[in-house]
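Me: I am new to this structure and would like a close look at a single part, namely how its helices pack against one another. Please go through it carefully and explain the terms as they come up.

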Amino acid sequence: MTDSTAGRVPAMKTVWMEQLRVVGLAIRREGALAGVVLAIGSLVVIAVSRIPILQAIVDEGGVSEFVFDPGEPPWGFIAVLAALLLPFVVWKGERRFGDTPLWSLPVDHRKHALLKVAAGWVWLLAILGAALAWVTFTVLVSGGTLGVDDVRVLVLDPVGAAAGAPDATESVRWTTPWWEWALPFTSATAAYLLASTLFLATARPLFWVAGLWVAGAGALGVAEIRDIGWIQRSAELVTWYAGGDSFNRGVQLPTGWIEGWMLLPSMEMWLASSAFWIGLGLVGVTAAVRRARSH
């Protein structure tokens, strides 16, 4: 920036509104496609629930009533997957390294990058909110259930449970807590920030994603072989926060196999995980935008 251009620096509000507009245009095609898929899925669910012939076919297939619990798979995982892919759409067609237009704009490139990431996050929350509302509407129209209200078997001692010890298990009444409705938003936020960090810090984000996945899978494999408990527990916690199936597994009791829970998620777990992963993502994005232009 030179003295001749200093007077023509736009206000941050103007830059922010422009970034919202540009990012919205960048994701419109993918967003429209996702909306079409969601609409078709909703029509199928409603048709199956309301048309007797289709309902009979589905019942013969053993499909139970549609239950929507945002804290259970696959809902959270879908949100996280969309958040991981979003930076590729937000930054498509824009060079991030070398001789990039970022350096010729009348706004500091760091602020430009941060505002672009923030605009993508706003659109992510808007899309997730609309999707959540649409799925909720579909569930209500189809006669499904919002959330769960059941009794879960908490396994306190797996060995004792298999032997039939009465104090090895505990029956706990479980109702979907309010914070599970916010879980997809916080986990998607963390995933988006971490993916944006890789996208801004390296010219080959997919290479790093593959490397991190291989490293994680290798560490988990070693933990299974060596029975390293803290790695296994950490992996389960990450899987749960990312919307995967975790903490519950088949348990052998003297009366037969049941679905038991090794741990029941809590609001404290959600808050701690959100603070850690979102904080890590914010630090990563802030550090990534400080990289030199030639890298």
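Reply: An axis here is a line fitted to C-alpha atoms, for helices over the stretch in contact, and the angle between two axes runs from 0 to 180 degrees between N-to-C directions. Two packed helices are described by that angle and by the distance between the axes. The model is predicted, so local features need pLDDT of at least 70 and side-chain atom pairs count only at pLDDT 80 or more, while totals for chains, interfaces and linings use all residues. Residues are numbered from 1 along each chain as its sequence is written, and side-chain values use heavy atoms, with hydrogens and water left out.

The protein has 10 helices and 6 strands, which are DSSP runs (H or I of at least four residues for helices, E of at least two for strands) numbered from the N terminus. Of its 295 residues, 34% count as buried, that is, under 20% relative accessible area with a 1.4 Å probe and protein chains only, whereas over 50% is exposed and anything in between partly exposed.

The part to look at first is the pair H7 and H10, whose axes are 8 Å apart and meet at an angle of about 25°. H7 and H10 are therefore roughly parallel to each other, a word kept for angles under 35 degrees, with over 145 roughly antiparallel, 65 to 115 roughly perpendicular and the rest oblique. H7 passes H10 in a left-handed crossing, in which the near helix is turned anticlockwise from the far one by less than a right angle, clockwise being right-handed. On the H7 side the contact (heavy atoms within 4.5 Å) includes Leu183, Thr186, Leu193, Thr197 and Leu200, and on the H10 side it includes Trp270, Ser274, Trp277, Gly281 and Val285. By class, the residues of this contact are 13 nonpolar, 7 polar and no charged, where Ala, Val, Leu, Ile, Met, Phe, Trp, Tyr, Cys and Pro are nonpolar, Asp, Glu, Lys and Arg charged, and the others, Gly among them, polar.

Another pair, H2 and H4, packs with axes 9 Å apart at an angle of about 120°, which makes H2 oblique to H4. H2 passes H4 in a right-handed crossing. Val23, Ala26, Ile27 and Glu30 of H2 make this contact with Leu86, Val89 and Val90 of H4, and by class it holds 6 nonpolar, no polar and 1 charged residues.

These four helices also appear in the largest nonpolar core, a set of buried Ala, Val, Leu, Ile, Met, Phe, Trp, Tyr and Cys residues joined through side-chain atoms within 4.5 Å. The core has 39 residues, and those touching the most other members are Val90, Trp91, Val117, Leu124, Tyr192, Leu200 and Trp240. At least two residues each come from H2 (12-50), H4 (75-90), H5 (109-142), strand E4 (169-175), H7 (183-201), H9 (229-241) and H10 (267-288), and H7 gives the most, with 8 residues. Leaving aside residues up to four places away in sequence, Tyr192 touches Ala83, Leu86, Pro87, Val90, Lys116, Val117, Gly120, Trp121 and Leu124. A second, separate core has 5 residues, including Val155, Ala161, Val251 and Leu253.

Such meetings of distant stretches also show in the contacts overall, since among those joining residues at least 6 apart in sequence, 73% link residues at least 24 apart.
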